[in-house]
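Morning, everyone. Please have a look at the model on the screen, and then I'll walk you through the side chains.

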Amino acid sequence: WLVGFAAVHMDGADMQAFIGFVCFFGVALPLICLVTALLHYNKYERCKQHLHQLRLEYQREQLDREMHVRRSGRPSGAVANRPAFGNTSSVSPLSFSARGRTASGHFS
């Protein structure tokens, strides 16, 4: 059953280097990678939660501005102190309801 065997006699320095190699690449390196991955995932989740909080805060402020415009009775096209953000595609449908329509029926 035994195809062959080799007798290897390692001296102390070789054995120490081999054990160090196995311990580092078999135990320490995977643990370091695991800890790093967990830290990155934790940071990702915290950033996602922070972004969600910022979006909610911005939506509340925007809703407060729109409610203030409706209550004050100002002309519906005059929305004062609106912050200028670069992304206008994420404007909520509520912001259009505070604006008036032009003579052609389009929003101003």
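I'll take the aromatic rings, then the surface patch, then the salt bridge.

First, the ground rules. This is a predicted model, where local features need pLDDT of at least 70, side-chain atom pairs count only at pLDDT 80 or more, and totals for chains, interfaces and linings use all residues. Residues are numbered from 1 along each chain as its sequence is written, and side-chain values use heavy atoms, with hydrogens and water left out.

Now the rings. There are 3 aromatic pairs (ring centres of Phe, Tyr or Trp, the last by its six-membered ring, within 6.5 Å; planes under 30 degrees apart are stacked, over 60 edge-to-face, the rest tilted). F21 and F25 sit with centres 4.9 Å apart and planes at 50 degrees, so this pair is tilted. F24 and F25 are edge-to-face, 4.9 Å between centres and 85 degrees between planes. F21, F24 and F25 make up one aromatic cluster.

Next, the surface. V8, M10, M15, F18, I19, F21, V22, F24, F25 and L29 form a nonpolar patch, with about 930 Å² of accessible area together. Patch members have over 30% relative accessible area and no salt bridge; nonpolar side chains are joined within 5 Å, like charges within 9 Å. Areas are Shrake-Rupley, 1.4 Å probe, with only the protein chains shown as cover for residues. M10 lies in the segment before α1.

Last, how many salt bridges (Lys or Arg side-chain nitrogen within 4 Å of an Asp or Glu carboxyl oxygen) are there? Just 1. K48 meets E45 at 3.6 Å, N to O.

Terms used: Helices (H or I, at least four residues) and strands (E, at least two) are DSSP runs, numbered from the N terminus.
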